Each structure stands twice: as C-alpha cells, then as structure tokens.
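Student: Could we go through this model together, with the structure open beside us?
Tutor: Gladly, let's take a look.

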Amino acid sequence: MKTINKNIIYLLTIFFLTFSAGSVSAQTAEGSGTSQETLIMIVMGLVLLVAILVLVVAIYMVMVIKSILKREEKIAAMEKGIKYIEEEKESWWTRINNKLNRSVPVEEESEVLLDHDYDGIKELDNHLPPWWKALFYFTVIVSVIYLFVYHVIPIFPLQEEEYAMELEKAEELQASLAASGSVETIDINNPEPSDDPTDISSGQSVFNINCLSCHAADGGGGIGPNLTDNYWLHGGDFQSIFDTVHEGVSGTSMIAWKNVLTPVQIRDVSSYIQTLVGTTPANPKAPEGELYEPSEMSVDQVEASADTVATETDSLQTN
Ligand code: HEC
C-alpha cells in the first residue's frame, strides 16, 4: 500500500511539473510573437497531455481500489479460517492472442494429426490463423474498393494524371513567380555571370562558408586547386566554372554543390571566383590544368575590350 501511495505522489508531481513547464513555454511562445497556430497546437498538446495524465491517474485509482478490496477479502477469509484462493483470470492480452491464433494446444494435437507418415515426419491439419485470414479478407475488400474508385468510377486520379496535375500546378507557380519578379531564375545551361556588387558579396559569403576550407579564403588553394590563376582543370569560362561547382568532380572531394546551394548562389559564387582571378593570394598553390586562353573570351568581354580600345583612341585623338 505504501509503495502505491508513493507512486501516486510521484505521478502527481510529474503532472504538475509538466503542466507548469507547458504554461511557461506557452508564455515564451506568445512573447516571441509565434503565430496563432503554434499557440493553438501547444494548447491542444497540453490538453491532450492532461487528458492522458488524468487517464493514468484514474487507472491507478482503480488498481488501488482493487488491491484494497482483495486485501479485505483475504483478511475476511483468514478470520473465517478459509484458505483464500486467488482466481486465475486470463489477461485481456492472452484472450485476444488466443482468439487471433486459435492454435491447437500441444495436448490436443492428436486430434488434428493426419494419418500418414513421411519417414517419421507427421503432419498436423492446422487451420489458418484467424489474424491471417482477417488480413487476407481485408486486402480483398481493399482491392475491390480500389478497383472501383480508381477504374470503374474514376473519382481519384491515376499516377499519370496526378503527375500531369502536379506539373500543371508547378508551371502555374513558376509563371506567377516569374510574373511577380520576386525570384530570380537561372538557366543552368546558359548561366550569365553577374557583376552586381550585392551578388558578388553574396557569392563571397557563400564562398567563405562553404569553400574556404579547401580553396583558402583568398582562393589560393589547398586541398582544392588555386582559383586565382588562369589555369583550370575543368575550364575557366563562366559556364565551366558554374558547371564544376554545380555538378562537382566525381571521385574528388569537390562535391556537387547543387545539392547544397541554389542556382542563384552558385551563379553568385562563380561570379565571385571570377573576381579572384588575377589576384595574388598569400600562399598560392602551383597552377594545375590548362591555361584558359583569352581567345575563348565571351562575346561580351570581347566587345568590352573593343570598347576600351575605342575609348583609348578617342582620348588619343583629343590630346
Ligand atoms: C572538401 C574540399 C572542397 C570544398 C569544400 C570545395 N572544393 Fe572546389 N575543389 C576541390 C577539389 C579537390 C577540386 C579539384 C577537383 C579535381 O581534381 O578535378 C576542386 C575544384 C574546384 C573548381 C575547379 C577548379 C579547376 O581548376 O577547374 C572550382 C571552380 C571549385 N572547386 C569551386 C568550389 C566552390 C565554389 C566551392 C564552394 C561552394 C568549393 N569548390 C568547395 C575541393 C573542394
């Protein structure tokens, strides 16, 4: 009896502790301006918790009352000098288990024994266990329902239709996003470098978080190659740098960053890498790969350099 009392006190303590902890967290959630939904979830969680605890306490009380009654019966039996016999009751679990299996007890096996003998191996004619049959009937019923709702009166879409619907939805979303101009989209097959200072500085922070450990903060190289020289293992034009970062180099520690970074981030970091080319790092790694020829310059760059030449001639003329 004493231990039961102790247990109840223990349970009640836990109950109040959880309850007070819950209300504290609810208050902080409110304070930090969490959305209404989170608050409702917390409150609902608390209500559930309280309900479970009440149930646990109720079960405990029933157990306590039962044990008190049993004790009194025992005392009464002792007073009358009768031997108290505890009735052996099957637990609900044993009952369910028996119902589900309905296996023949070993003592009664002779009743289901078939009368043939294969080299000493005998066969019992056991029926299939009820749980197995129930499962089988269930699958039959489900298959009929499935056939009906997917093929006879097709109220649910089949995989192909579902795929088409998802695609349509995605296209709509893409169109609406493009129309609002709130997201930048990048054509990964033809990425354009950016010279916008905000893009370059976002590229720099991407580089400092993800790439610095192998390529050094100034791009001088380490585990990975030097990114400041004009020698490239996988090509020095923008598309090649973008691709190397996007796809990685399999078999090396240069992973496919498309799984980590967004296309815009890859565009930014690749643009940032291009600004490193020609700088002098503190500990430059020896050049690797092939020299990237300026003749491979993009049309834009060629035009830009043509412009510079033109301006120079202009200024020469004015002088
Ligand atoms: C765990 C080390 C590691 C990290 C982190 C890493 N790289 Fe690399 N990177 C390498 C290695 C190694 C190579 C050379 C692969 C080879 O041998 O072909 C490489 C190659 C490259 C190349 C091609 C160089 C060339 O010569 O063609 C570029 C560009 C590059 N990395 C950019 C990045 C960027 C951008 C990041 C961060 C988003 C990054 N790397 C993060 C290890 C790394």
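**Confidence, ligand shell and a helix pair**

Student: Over residues 302–319, where pLDDT stays under 50, how many contacts beyond four places in sequence does the model have?
Tutor: This is a predicted model, so confidence is a good place to start. Where pLDDT is low, the predicted coordinates should not be read in detail. Residues 302–319 stay under 50 throughout, and their count of contacts beyond four places in sequence is 1.

Student: And for residues 24–32, how many such contacts beyond four places in sequence are there?
Tutor: Here too pLDDT stays under 50. For the chain, the average pLDDT is 83, and 81% of the residues score at least 70. For residues 24–32, the number of contacts beyond four places in sequence is 9.

Student: Which residues come nearest to the ligand?
Tutor: The shell around the ligand has 25 residues, divided into 15 nonpolar, 9 polar and 1 charged. Helices α6 (197–210), α7 (212–215), α8 (238–247) and α9 (263–276) each supply at least two of the shell residues. Those that come nearest are C211, C214, G224, L233 and M254.

Student: How are α8 and α9 oriented to each other?
Tutor: Their axes lie 9 Å apart, at an angle of about 125 degrees. That angle falls between 115 and 145, so the pair counts as oblique.

Student: Which residues of α9 make the contact with α8?
Tutor: The residues of this contact divide into 7 nonpolar, 3 polar and 1 charged. From α8 come F238, I241, F242, V245 and H246. From α9 come I266, R267, V269, S270, I273 and Q274.

Methods:
Residues are numbered from 1 along each chain as its sequence is written. This is a predicted model: local features need pLDDT of at least 70, side-chain atom pairs count only at pLDDT 80 or more; totals for chains, interfaces and linings use all residues. pLDDT is the predictor's confidence in each residue, from 0 to 100. Two residues are in contact if their C-beta atoms, placed from the backbone, lie within 7 Å. A residue is near a molecule or strand if its C-beta atom, placed from the backbone, lies within 6 Å of it. Helices (H or I, at least four residues) and strands (E, at least two) are DSSP runs, numbered from the N terminus. Ala, Val, Leu, Ile, Met, Phe, Trp, Tyr, Cys and Pro count as nonpolar, Asp, Glu, Lys and Arg as charged, and the others, Gly among them, as polar. Axes are lines fitted to C-alpha atoms, for helices over the stretch in contact, and angles run from 0 to 180 degrees between N-to-C directions. Angles under 35 degrees count as roughly parallel, over 145 as roughly antiparallel, 65 to 115 as roughly perpendicular and the rest as oblique.
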